[in-house]
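Visitor: Please take me through one part of this model closely. I would like to start with the ligand and then go on to how two of the domains meet.

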Amino acid sequence: MEILENFNLKHFNTFHVSAHGRYFVNATDLTCLRDALAFANKKEIPFMLIGQGSNLLFKEDYPGLIIEINVRGRKLIREDDDTYFVKARCGENWHAFVQWCLDNKFYGLENLSLIPGTIGAAPVQNIGAYGVELCDVMVSLDALEIATGELKTFTNAECDFSYRNSVFKQGLKDQYVIYSVTFGLSKKPVINIRYAALAKALEGISLDALTPELVSQTVCDIRRSKLPNPQRLGNAGSFFWNPEISLENYTLLQEEHPGIVGYPTADKVKLAAAWLIEQAGWKGYREGDVGVHEDHALVLVNYGQATGAELVDLSRRIQASVKVKYGIELMPEVRII
Ligand code: EPU
């Protein structure tokens, strides 16, 4: 295991901000992962796991060990009459895995096409897009218990998934490293176009022509049309969560702001944070190298040499103005370090 020192993390976060990790290790297998955790423990320094850094923002240098999770591997492990059970290790790229599943006719991940990041990061925040969340297709996962170095299996229910949330962000935060994830994928094509923007993009297509491949392609097209490619423009997708409020509160807000965009959930209403930010005047805003993307108000961008601190400062100004205008607290979805 090679430990690098004072390592620049610019290429390990999709915001492309410069920040240094005191130590850095590229963990390519389970032994390496265990050794890296033991190193941090022995040195009594904090450690942090990163996949492709697609949901984090470094506002300063990191004083501990950065562990790049790079453990690869994916395979079909079993099947029954309806389902393929497919296992992928934590360092696999999410979108490449989705494509591989489609190529093999393992269906169910199409709506989650083109999400940046790795397999290991996906369950932590229960990634979701275009009407599907990871929890809809995940059977179980294996995670390394940091305290003991043992692998433990968690069923879907044990992960306690909810919107952009899981037990690994709550009660078991910082206690486990996700090592591999097992998905239950359908043998028959599954078409889910309940998400309004997806249904609209596929309007007029006959049922016969509606294939998982077409759904995947359409999701990619929609994402490319409004979310900037992090390889070209530094960003981490949605910067804030879409806030959930009570129906009562929503009705009051609607009276004052008739155009407000909200979607009913089980017992609440999920507001489109992008709408709140756009209406507060931020869409397309730019100051120096930080800004709010011109095609999507929920996406903060680094136009070149922005620092993490500048991006955090912009996010706080957005939060403050949305709070004044709507009385709503926006919470960062991006992990700020
Ligand atoms: N809207 C605006 N202004 C904008 C953009 C959107 O007013 O600039 C309004 C529109 O009314 C639009 C609504 O917001 O209909 C929702 O927009 P969109 O469909 O783009 O979805 P979102 O709520 O902004 C969420 C996820 C995305 C995911 C999409 C599609 C969160 C925090 N974000 O965005 O996830 O791709 O739905 O399912 O839940 C991510 O997590 O990084 C991410 C990109």
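Guide: A polar contact is a pair of N or O atoms within 3.5 Å; within protein, one must be able to donate a hydrogen and the other to accept it, and residues adjacent in sequence count only if both atoms are side-chain atoms. The model is predicted, so local features need pLDDT of at least 70 and side-chain atom pairs count only at pLDDT 80 or more, while totals for chains, interfaces and linings use all residues. Residues are numbered from 1 along each chain as its sequence is written, and side-chain values use heavy atoms, leaving out hydrogens and water.

In the side chain of Arg164, an N or O atom is 2.8 Å from an oxygen atom of the ligand. For Lys283 the corresponding distance to a ligand oxygen is 2.9 Å, and for a polar side-chain atom of His296 it is 2.7 Å. Around the ligand there are 23 residues (a heavy atom within 4 Å). Tyr130, Tyr163, Tyr195, Glu278 and His296 come nearest.

Now the domains, whose bounds come from an automatic or database assignment: domain 1 (4-69), domain 2 (74-226) and domain 3 (234-336). Between domain 1 and domain 3, 13 residues of the former are in contact (heavy atoms within 4.5 Å) with 19 of the latter. Six residue pairs there are in polar contact, both at pLDDT 80 or more. No salt bridge (a side-chain nitrogen of Lys or Arg within 4 Å of a carboxyl oxygen of Asp or Glu) is found across this interface.
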